[in-house]
Amino acid sequence: MHVALMGTICSGKKIFANILKDEYGFIVIDLSAIFCCDSSIEPMEWIKEHNPHFEAAIEAISVQKEADLHDCLTPNEQQRIDSDAYSPIISKNTHRVTDSETSEETISIAKKFDFSGKEEKEDQKEDQKEEEESKELTLITPEENKESIKALFPKKFPKDYYLDEESQIRVEQITTKVVRIIKDYRKLDFVIYPVVDLSLWDSLLLTCYHLDSPLKMRYNSFKEKYGEDIELMDFIELEDDIVFKSKYQTWKMDKYQERIKNHYVTDGTQEDLKRKIIEFNPVNEEMIRPKWPTYFMRLAHIVSSRSNCIKKSVGAIIVNENQQIVATGYNGTPFGFENCYEGGCSRCNDFNNKQGENLDLCVCIHAEENAILMASRVQTDGCSLYVTLHPCALCAKFIIQSGIKKIYYYEDYNSKISRSILSKMKIPVTKIDPYH
């Protein structure tokens, strides 16, 4: 999974990235930090330096590849490879060495490479290194720890990364290299921030999260993070320049809006943000490619945008067993009638009528009815219905008569009669949230 983080200055992108790293094993790529490094330092060097688990993750993938390849072999091939891997060394000019035999050639090779002692010595070195590191950690004071954390940040805010036209050449070079790295190791989970170069979006399938936090909180965080004694109005002017005047104006990203899966407001502590992230489950595979129910319910919401009802916009989709759309429908006045929001339905335009009241006076046709009318019993028999609002009693009768076997809905509707009718006919009704 490849995650991109966007948002205002000091809105918590670094904290978010580190949570993904600590909780889910993501590889963190801070583009602005790489930009601030010496130009001789390659992005891969920065990634390895700031992600100690990177090498282990690559090794795990290679091991998995070997395991997958092993599973693809026939039993005889697996047996031959396994026996070769675990049997004693075989000389070209001699027979296979059995457990009861010892080859002089084997002994000489073993002595030459010191197989028996090398691993043990390396283990001892690793243990000694870990012991020394643990001693060093115990000697770090809170003040020193705070300074070491500050050292991870650039010494000053990387304004050129956003605003300097000449620096954009370097930004594009870094972006190109980072994209290449992610493509080479596409099976690893990466989190990239701050995303300002739109070409990055076109080169990768990114799942984006947008972050924001109160202005005062971000202003104080900026001063603490970069040690700059900046006035509040200067901070606001800096942010306005980045948002509205930079080459990569993030607000001009209409065609990428569907990739923004959630908006986080970091108005609390770091633990509060961590709780929100884990509750939302940002690594949910549906964030990349939604399952069928989620997919069709989102489409039903798009269909609802065609509604002309002033009371409620509802969309419905009928889908067959092959996951093919049979028909769509939305609520509104019949063909040739004046639109509901233009006064076509007197019942809907009388706001004294509550939900479910005086439906016999309503001119509007419901979304489920329209979808069923657009098809026929031959087409709808055995299908599933995706609708943004739970069916009313009248629509429940249409649904039963059309042969629809399953119903998925998003929002509740207060109708005990419809629920009773559908339950009696043993039609499963499932509520789903396609946005979480």
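Which residue stands opposite A4 in strand 4? Keep that in mind while you open the model, which is a predicted one.

**Stop 1: strand 1**

Start by selecting residues 2-7, which make up strand 1. Try colouring them by accessibility: five of the six residues here are buried, so the strand is mostly covered, going by the cut-off of under 20% relative accessible area.

Now add residues 190-193, and you have strand 3 on screen, running parallel to strand 1 and joined to it by three bridges. To see one of these pairings, click on H2 and look across to F190, its bridge partner in strand 3.

Next, select residues 207-212. This is strand 4, which also runs parallel to strand 1, with five bridges between the two. Here comes the reply to the opening question: look across from A4 and you'll find C208. If you're wondering what holds such neighbours together, strands of a sheet pair through backbone hydrogen bonds, and they can do so in a parallel or an antiparallel way.

**Stop 2: a five-stranded sheet**

Move along to another sheet. It is open, built from five strands in the order 7-6-8-9-10, and its pairing is mixed. Select 325-330 and 429-431 to light up the edges: these are strand 7 and strand 10, each of which pairs on one side only. Turn the view and look for the twist, which averages 15 degrees from one strand to the next.

Zoom in on strand 6, residues 315-319. Strand 6 and strand 7 run antiparallel, with five bridges joining them. Pick I317 as your marker, and its partner over in strand 7 is T328.

**Stop 3: the cysteines**

How many disulfides does the structure hold? Zero. A disulfide is a covalent bond between the sulfur atoms of two cysteines. Select C395 and C392 and you can check a pair yourself: the sulfur of C392 is the nearest cysteine sulfur to that of C395, yet it is 3.7 Å away, so C395 is in no disulfide, given that the cut-off is within 2.5 Å.

Is C395 buried or exposed? Buried, because its relative accessibility is 0%. Hop over to C383, which is buried too, with a relative accessible area of 1%.

**Stop 4: out on the surface**

Finish by switching on the surface and selecting I310, Y341 and F351. These residues make a nonpolar surface patch of about 330 Å². Click on F351 to place it: this residue sits in the loop between helix 16 (346-349) and helix 17 (367-374). With a relative accessible area of 57%, F351 counts as exposed.

Methods
Residues numbered from 1 in each chain as written. Predicted model: local features only at pLDDT ≥ 70, side-chain atom pairs only at ≥ 80, totals over all residues. Heavy atoms only, no water. Patch = residues over 30% accessible without salt bridge, like charges linked within 9 Å, V, L, I, M, F, W, Y side chains within 5 Å. Areas by Shrake-Rupley, 256 points an atom, 1.4 Å probe, with all protein chains shown as cover. Salt bridge = Lys/Arg side-chain N within 4 Å of Asp/Glu carboxyl O. Helix = DSSP H or I, 4+ residues; strand = E, 2+ residues; numbered from the N terminus. Buried < 20%, exposed > 50% of the residue type's maximum accessible area, 1.4 Å probe, protein only. Pairing = 2+ DSSP bridges. Axes fitted to C-alpha atoms, helices over the stretch in contact; angles between N-to-C directions.
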